[in-house]
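Q: Please take a close look at one residue in the structure below and at what surrounds it. I am new to this structure, so kindly explain each term and then place the residue in the wider chain.

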Amino acid sequence: SKEANRGSVEFQVFSFTNKIRRLTSHLELHRKDYLSQRGLRKILGNVNGCCLIWQRKIEYVIKN
């Protein structure tokens with residue numbers, strides 16, 4: 001089901017990508033919106049964490 005897939009790394013990266021696009025276009029219009037800048041930095045940190053998990057998952061599959 002859709003709810004079961006929301007915790008997957010693939011879904012998280014997809015979701016973060018959409019949020020990053022939205023915030024980036026918002027910040028192009030509102031350059032001094034520091035709260036949105038903070039939110040973008042926070043999401044980018046989460047994406048890096050998800051990418052590390054995804055990379056480990058792929059390496060595990062390749063080895064086995």
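A: **Ser-36 and its surroundings**

Ser-36 is located in helix 3, which covers residues 34–63. Helices are DSSP runs of H or I with at least four residues, strands are runs of E with at least two, and both are numbered from the N terminus. The model is a predicted one, in which local features need pLDDT of at least 70 and side-chain atom pairs count only at pLDDT 80 or more, while totals for chains, interfaces and linings use all residues. Residue numbers start from 1 along each chain as its sequence is written, and side-chain values rest on heavy atoms, with hydrogens and water left out.

Is Ser-36 buried or exposed? Ser-36 counts as buried because its relative accessible area is 13%; buried means under 20%, exposed means over 50%, and partly exposed lies in between, with a 1.4 Å probe and protein chains only. Apart from neighbours within four places in sequence, Ser-36 has contacts with Leu-23, His-26 and Leu-27, where contact means heavy atoms within 4.5 Å.

One of these partners, His-26, belongs to helix 2. His-26 has a relative accessible area of 28%, so it is partly exposed. Besides Ser-36, His-26 touches Asp-33, again not counting residues up to four places away in sequence. Its C-alpha atom lies 28 Å from that of Trp-54, a residue 28 positions away along the chain.

Thr-24 also sits in helix 2, which spans residues 9–29. Thr-24 is partly exposed because its relative accessible area is 33%. Between the C-alpha atoms of Thr-24 and Gln-37 there are 8.8 Å, although 13 residues separate the two along the chain.

Phe-16 is a further residue of helix 2. With a relative accessibility of 8%, Phe-16 is classed as buried. Leaving out residues up to four places away in sequence, Phe-16 touches Ile-43, Asn-46, Val-47 and Cys-50. The C-alpha atoms of Phe-16 and Cys-50 are 9.8 Å apart, with a spacing of 34 residues in the sequence.

The view may now widen to the whole chain. Its secondary structure consists of three helices and zero strands, in the order α-α-α from the N terminus on. The radius of gyration is 15 Å, well over the 11 Å given by the globule rule for 64 residues, so the chain is more spread out than a compact globule; the radius is taken over C-alpha atoms, and the rule is 2.2 Å times the number of residues to the power 0.38. The C-alpha trace spans about 50 × 25 × 15 Å along its principal axes.

Of the 64 residues, 17% count as buried, Ser-36 and Phe-16 among them. Contacts between residues at least 6 apart in sequence join residues at least 24 apart in 48% of cases.

How far may the coordinates be trusted? The predictor's confidence in each residue is its pLDDT, from 0 to 100. The chain averages 86, and 94% of the residues score at least 70. Confidence is highest in helix 2, at a mean of 89, and lowest in helix 1 (residues 2–5), at 65. Where pLDDT is low, the predicted coordinates should not be read in detail.
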